[in-house]
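Here's a quick briefing to read alongside the model. Have the structure open and follow the topics one by one.

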Amino acid sequence: MKEPTPDEKALLDAKFRTRIAPNLRRHAATLSKKESELVLKQFMPAVEELRDEPGFSDDPLHEDDRDIHPFPDVVHNYSTKILYLTTDECPVYCRYCTRKRRTLLSKGHKTSALQDVVGYLRERPIINEVIFSGGDPMMLPVEDIFQRLRTFMELPSIGFMRIHTRALTTAPALFSKKFFALLESLRRDFPQKAFHFVFHINTAVEMSTAARDVVEKLAAHKVRSYAQAVLLKGVNDNAETLAALLKELVFSGIQPYYLHQLDRVTGSAHFEVSDEDARRLYSELKTLVPVYMLPKLVRDSKQGKTPL
Ligand code: SF4
């Protein structure tokens, strides 16, 4: 990756927020040079981000369109579930983040009162699932996470809750003793409500002993772990790297779930893998791992995910 000049760096800093959690930097320092570069290039500013490419925008999934955006922090584009955007903060800022308008480009925005969101759900009992996303929900104070989870779980219509996070590999210490104590009481009080994690992990080398321990502890509380990855040029766009990821996930107790084509967000064109290459990679991947390890290869849109 070409180093930005001081002028380019100033432009990049003015445009996008950059953050790499100390834990991830420490983990990267334990890897080989090649592996470390592979991990860090997902978060380091690059000159290519300054190019405006046709077809790329700040809101590639049109989540801010009024018809699916009833509150500043709610996206409702599937009839039976809502995405609850809990925060703009993350332990790292991925340069290709779909929600870059709220993360790398965040200048703050209105939020909704939790009770307003609850009222929305009460009026629509067809909605049975709330997905905490963001930003990274694990950046909220731990008491706040569980208070919100409890508020939703108290609704009879909500049977399923999920947290989407990258903190497993970027800041595993957020899964603290306090977190697991609160989880234990949540599971005791709501045994019939499904509660699971979906982790964002793009390469096997991102996993650490601390991350594997977290997955084990979650499983002990009957919380399943799933993973989604984004296909990124120069990071994981070859079948061997993806096969290594899938094996690492399954051996760590995480079920691969989705492999996403890049959402065409501003400043991310240099990470894009063509659909043709993505399909070819996926066919090769099928020959390297058993079918139960295979995530679904999908492209996201306002209308939902479609197989590639
Ligand atoms: S951790 Fe998730 S929400 Fe945060 S920048 Fe990365 S992709 Fe976006």
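How do the residues of the shell around the ligand divide into nonpolar, polar and charged? The split is 5 nonpolar, 4 polar and 3 charged. Keep in mind that this is a predicted model. Beyond the ligand shell, there's an open sheet of 9 strands to walk through, plus a couple of helix pairs whose axes cross.

**Around the ligand**
- The shell takes in Cys90, Val92, Tyr93, Cys94 and Cys97, along with Arg99 and Thr103.
- Further along the chain, Gly134, Gly135, Asp136, Arg166 and His200 also belong to the residues around the ligand.

**The sheet as a whole**
- Strand order is easy to remember, as the sheet runs β1-β2-β3-β4-β5-β6-β7-β8-β9, with mixed pairing.
- Sitting at the edges are β1 (74-78) and β9, each of which pairs on one side only.
- As a general reminder, strands of a sheet pair through backbone hydrogen bonds, either parallel or antiparallel.

**β4 and β5**
- Strand β4 (residues 160-165) pairs with strand β5 (residues 194-200) in the parallel sense, over 6 bridges.
- To find your way into this pair, look for Phe160, whose bridge partner in β5 is Ala194.
- His200, one of the residues around the ligand, falls within the range of β5, residues 194-200.

**From β7 to β9**
- Strand β7 (residues 254-260) and strand β8 (residues 296-299) run parallel and are joined by 3 bridges.
- Within that pairing, Tyr258 stands opposite Lys296 in β8.
- Helix α10 (residues 275-288) completes a right-handed β-α-β unit with β7 and β8.
- On to β9 (residues 306-307): this strand runs antiparallel to β8, and 2 bridges join the two.
- Arg299 has Thr306 in β9 as its bridge partner.
- The hairpin of β8 and β9 has 6 residues between the strands, and Gly304 takes a positive phi near 120° there.

**Helix pairs**
- Helix α5 (residues 142-153) and helix α7 (residues 177-189) have axes that come within 10 Å and cross at roughly 15°.
- That angle is under the 35 degrees cut-off, so α5 counts as roughly parallel to α7.
- The handedness of the α5 and α7 crossing is right-handed.
- For helix α9 (residues 239-251) and α10, the axes come within 9 Å and cross at roughly 50°.
- That makes α9 oblique to α10.
- The crossing of α9 and α10 is right-handed.

Notes: Residues are numbered from 1 along each chain as its sequence is written. This is a predicted model: local features need pLDDT of at least 70, side-chain atom pairs count only at pLDDT 80 or more; totals for chains, interfaces and linings use all residues. A residue is near a molecule or strand if its C-beta atom, placed from the backbone, lies within 6 Å of it. Ala, Val, Leu, Ile, Met, Phe, Trp, Tyr, Cys and Pro count as nonpolar, Asp, Glu, Lys and Arg as charged, and the others, Gly among them, as polar. Two strands pair if DSSP finds at least two bridges between them. Helices (H or I, at least four residues) and strands (E, at least two) are DSSP runs, numbered from the N terminus. A crossover is right-handed if, with the strands pointing away from the viewer, the path from the first strand over the helix to the second runs clockwise. Axes are lines fitted to C-alpha atoms, for helices over the stretch in contact, and angles run from 0 to 180 degrees between N-to-C directions. Angles under 35 degrees count as roughly parallel, over 145 as roughly antiparallel, 65 to 115 as roughly perpendicular and the rest as oblique. A crossing is left-handed if the near helix is turned anticlockwise from the far one by less than a right angle, and right-handed if clockwise.
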